[in-house]
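Let's take a walk through this model together, from the overall fold down to individual side chains. Keep the structure open beside you as you read.

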Amino acid sequence: MNLARTLASMALLLPLLATAQPLQPGAQDTPLPATSATQSSEGFSASMVITADPDWQQKWESPPDVAPRFDLATEVKEGGSLYILSFLSNPMLDAQGMTQVRCDLRISKPDGSLSGDEHDLPCFVTALETDPKLVYLSTIGVKFTAEAGDPKGTWTVAITVRDTLRNVTIPLQSSFEMR
């Protein structure tokens, strides 16, 4: 997986920037349980999902009263694809109603070398006209395709989400096995 494809894959999420969903119908005020892939701090929440669902976008764009469900993936075989998605909730708004959320993305190969390492990307910088407590899909996402020659073993994905207005940083981490 090369860096150019990583950046091109992130562009796939840009049209979805303004879409939002409740995590569960009526559950906007319920904090997410903390894991390495889901964290909350000072009212701001972020999470990462790794799924093999090629229809993840259709699931995300479901009606607001239907909570999207993604099948979590923990492995991929050569030729297979995974979708690494990041979500956030309750970003702080400035006086003009703008959010200022920035992200870092790092994908590490099994030997510790980097497949991708991007810093200070605008992952949710927008005028927000809906409830900030809804769950939003950020623009930081990647389609990972396991190619011949990619090393087998545990790949690690780290996304750092920063609400710069709130001055809160949330580190997220997950992994998958390439078989």
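This is a predicted model, and its protein has two helices and 11 strands. Following the sequence from start to end, you meet these elements in the pattern α-β-β-β-α-β-β-β-β-β-β-β-β. The protein has 179 residues, and buried ones make up 46% of them. If you look at the contacts with a separation of 6 or more, 72% of them are between residues 24 or more positions apart. The accessible surface amounts to about 8,600 Å², and carbon and sulfur atoms hold 53% of that area.

Let's turn to the sheets. Five strands make up an open sheet with mixed pairing, and their order is 4-11-10-6-7. Strand 4 (75–76) and strand 7 are the edge strands, each pairing on one side only. Inside this sheet, strand 6 and strand 10 are antiparallel partners, joined over eight bridges. To find your place there, look for V101, which stands opposite D163 in strand 10.

Strand 5 is a good next stop. Which strands does strand 5 pair with in the antiparallel sense? Strand 3 is one of them, with seven bridges between the two, and here V49 has L85 of strand 5 as its bridge partner. Strand 9 is another antiparallel partner of strand 5, over four bridges, and Y83 stands opposite K143 of strand 9. Strand 8 (residues 135–137) also runs antiparallel to strand 5, joined to it by three bridges; Y136 in strand 8 is the bridge partner of L88. How enclosed is strand 5 by the rest of the structure? Eight of its nine residues are buried, so strand 5 is largely enclosed by what surrounds it.

That brings us to the interior. In soluble globular proteins, nonpolar side chains tend to be buried together. Here the largest nonpolar core has 33 residues, and those with the most contacts inside it are I84, F144, V157, I159, V161 and F176. The elements that give two or more residues to this core are strand 3 (44–51), strand 5 (81–89), strand 6 (101–108), strand 7 (114–124), strand 9 (142–145), strand 10 (153–163) and strand 11 (168–178). Strand 11 provides the largest share of this core, with five residues. For a close view, centre on I159: leaving out residues up to four places away in sequence, I159 touches M48, I84, S86, C103, D104, L105, I140, I170, P171 and L172. Apart from this core lies another, of nine residues, among them V49, W56, W60 and V135.

One of the residues that I159 touches, C103, also takes part in a covalent link. A disulfide is a covalent bond between the sulfur atoms of two cysteines. The structure has one disulfide by count, and it joins C103 to C123 with an S to S distance of 2.1 Å. The link of C103 and C123 is right-handed, with 65° about the S-S bond. It connects distant parts of the chain, since C103 lies in strand 6 and C123 in strand 7, 20 residues apart. Both of these cysteines, C103 and C123, are buried.

Finally, have a look at the aromatic rings. A pair of aromatic rings is described by the distance of the centres and the angle of the planes. The structure holds seven aromatic pairs. W56 and Y83 form a tilted one, with 6.5 Å centre to centre and 45° between the planes. W56 sits in helix 2 (residues 56–60) and Y83 in strand 5, 27 residues apart, so that this pair links distant parts of the chain. W56 counts as buried because its relative accessibility is 8%, and Y83 counts as buried because its value is 13%; the cut-off is under 20%.

What makes the pair of W155 and F176 stacked? Their ring centres are 6.2 Å apart and their planes are at 10°, so the pair counts as stacked. This pair, too, links distant parts of the chain: W155 is in strand 10 and F176 in strand 11, 21 residues apart. W155 and F176 are both buried. To end the tour, find W60, F70 and F87, which form one aromatic cluster.

Methods
Residues are numbered from 1 along each chain as its sequence is written. This is a predicted model: local features need pLDDT of at least 70, side-chain atom pairs count only at pLDDT 80 or more; totals for chains, interfaces and linings use all residues. Side-chain values use heavy atoms; hydrogens and water are left out. Buried means under 20% relative accessible area, exposed over 50%, partly exposed in between (1.4 Å probe, protein chains only). Contact means heavy atoms within 4.5 Å. Accessible areas come from the Shrake-Rupley method with a 1.4 Å probe; for residues, only the protein chains shown count as cover. A nonpolar core is a set of buried Ala, Val, Leu, Ile, Met, Phe, Trp, Tyr and Cys residues joined through side-chain atoms within 4.5 Å. A disulfide is a pair of cysteine sulfur atoms within 2.5 Å. Two strands pair if DSSP finds at least two bridges between them. Rings of Phe, Tyr and Trp (its six-membered ring) pair if their centres lie within 6.5 Å; planes under 30 degrees apart count as stacked, over 60 as edge-to-face and the rest as tilted.
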